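Colleague: I have a new model open and would like to learn how to read its bonds, charged pairs and empty spaces. Please take me through them one at a time.

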Amino acid sequence: NVMALLTRVKYAQEMTKWTVGWFLLFLAIRFGVFRRYSADFANRVVSIIHAVVAIYYSYACFENGFAGMFANIGGANTEPQALCMAVSLSYFVYDLVYCSLQGELESVFHHFFTIGGLASGVLNGKSGAELCACLFLMEVSNPSLHLRTLLLEMGLKNTAVFSANNLVFAFVFLVCRLVIGPPLVWKTLACPDNEFIVKLGGFGILAVSVMWGWRIVMMFIKEAKKLLGGGAESKKKR
């Protein structure tokens, strides 16, 4: 029975409160602190806050620092892993609702895979190692991703800060998702103890990352040329 299962799940009651908390945080930002900006602006501020929280908690799950990222694949959850997944699961439920209402189909597609994997880890009490490692690799590039849109809305597109932020985002995204990510996904797929939904989630996120990757490579090249060639262009104008 579903209700009986939920009562045994660690942080079940807290997840409900945390999910409501993300919605309330969005409303406070949207109609309070940044009311002059759009709903998308407010949502991205919430996403940056979650990214910082998720990076902290997921890194805390690595028992031997980054070397522990690939340890105990398919094993039982530790306490830090259970907390990390529960906090992020509450956020992704909030963001799935927001993205669905806004018609952001790519994000909805991405979030289904993320929620499926995290929910499986929370409900089954295992696979926390790879799920938290995946969460770290996903979230570490998100502050610069969302900051990019914030800078655009603030009218700071044609600035060195905007270009530098784009370069940081592109570099971190490509390294984490397309260099470190694939071996982690392979280990997840090859582990016989993992649930199918965890394997599907890992593969789905990698597929979305590859789909986004080409566009980000093009952006990286464009911004690098802009920063490196800016001096020469300004001299020509003089």
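Modeller: We will go through cysteines, salt bridges, the pocket and the cavity in that order. Keep in mind that this is a predicted model.

Colleague: Let us start with the cysteines. How many disulfides does the structure hold?

Modeller: A disulfide is a covalent bond between the sulfur atoms of two cysteines. In this structure there are zero disulfides.

Colleague: Why is there no bond at C132?

Modeller: The closest cysteine sulfur to that of C132 belongs to C61 and is 3.8 Å away, which is too far for a bond. The cut-off is 2.5 Å between the sulfur atoms. C132 is buried, at a relative accessible area of 1%.

Colleague: And what is the closest cysteine sulfur to C191?

Modeller: That sulfur is in C134, 15 Å from the sulfur of C191, so this pair is also too far apart for a bond. C191 is buried, with a relative accessible area of 8%.

Colleague: Next, the charged pairs. How many salt bridges are counted?

Modeller: To count one, look for a side-chain nitrogen of Lys or Arg within 4 Å of a carboxyl oxygen of Asp or Glu. The count here is three salt bridges.

Colleague: Which residue does R44 pair with?

Modeller: R44 forms a salt bridge with D40, and their closest N and O atoms are 3.0 Å apart. Both residues sit in helix α3 (residues 39-60), with their positions four residues apart in numbering, about one turn of the helix. R44 is buried at 18% relative accessible area, whereas D40 counts as partly exposed at 22%. The two fall in separate classes because buried means under 20%.

Colleague: Where do the partners of the salt bridge between R215 and E106 lie?

Modeller: The closest N and O atoms of R215 and E106 are 3.5 Å apart. This pair links distant parts of the chain, with R215 in helix α9 (residues 196-237) and E106 in helix α5 (residues 105-124), 109 residues apart. R215 is partly exposed, at 45% relative accessible area, and E106 is partly exposed at 38%.

Colleague: What does E195 form a salt bridge with?

Modeller: Its partner is K126, with the closest N and O atoms 3.3 Å apart. Here too the pair links distant parts of the chain: E195 is in the loop between α8 (160-190) and α9, K126 is in the loop between α5 and α6 (128-139), and they are 69 residues apart. E195 is partly exposed at 32% relative accessible area, and K126 counts as partly exposed at 21%.

Colleague: Now the empty spaces. How much space lies in the largest pocket?

Modeller: Rolling a probe the size of a water molecule over the atoms shows where empty space is left. The largest pocket holds about 700 Å³. Its lining has 28 residues, with R44, S107, L145, H146 and W212 nearest the centre. Two or more lining residues come from each of α3, α4 (79-102), α5, α6, α7 (142-153), α8 and α9. By class, the lining of this pocket has ten nonpolar, nine polar and nine charged residues.

Colleague: How many cavities of 30 Å³ or more are found?

Modeller: A search of the whole structure finds one, with a volume of about 260 Å³. The cavity is lined by 22 residues, and C134, M138, V185, G202 and I205 lie nearest its centre. At least two lining residues come from each of α5, α6, α8 and α9. The lining of the cavity divides into 13 nonpolar, seven polar and two charged residues.

Definitions and conventions
Residues are numbered from 1 along each chain as its sequence is written. This is a predicted model: local features need pLDDT of at least 70, side-chain atom pairs count only at pLDDT 80 or more; totals for chains, interfaces and linings use all residues. Side-chain values use heavy atoms; hydrogens and water are left out. Buried means under 20% relative accessible area, exposed over 50%, partly exposed in between (1.4 Å probe, protein chains only). On a 1 Å grid over the protein atoms alone, a cavity is a set of points where a 1.4 Å probe fits but cannot get out, and a pocket is an open set with protein on both sides within 12 Å along at least five of seven lines; lining residues have an atom within 4 Å of a point. Grid points are joined across faces, edges and corners, and a volume is the space filled by probe spheres set on the points. Ala, Val, Leu, Ile, Met, Phe, Trp, Tyr, Cys and Pro count as nonpolar, Asp, Glu, Lys and Arg as charged, and the others, Gly among them, as polar.
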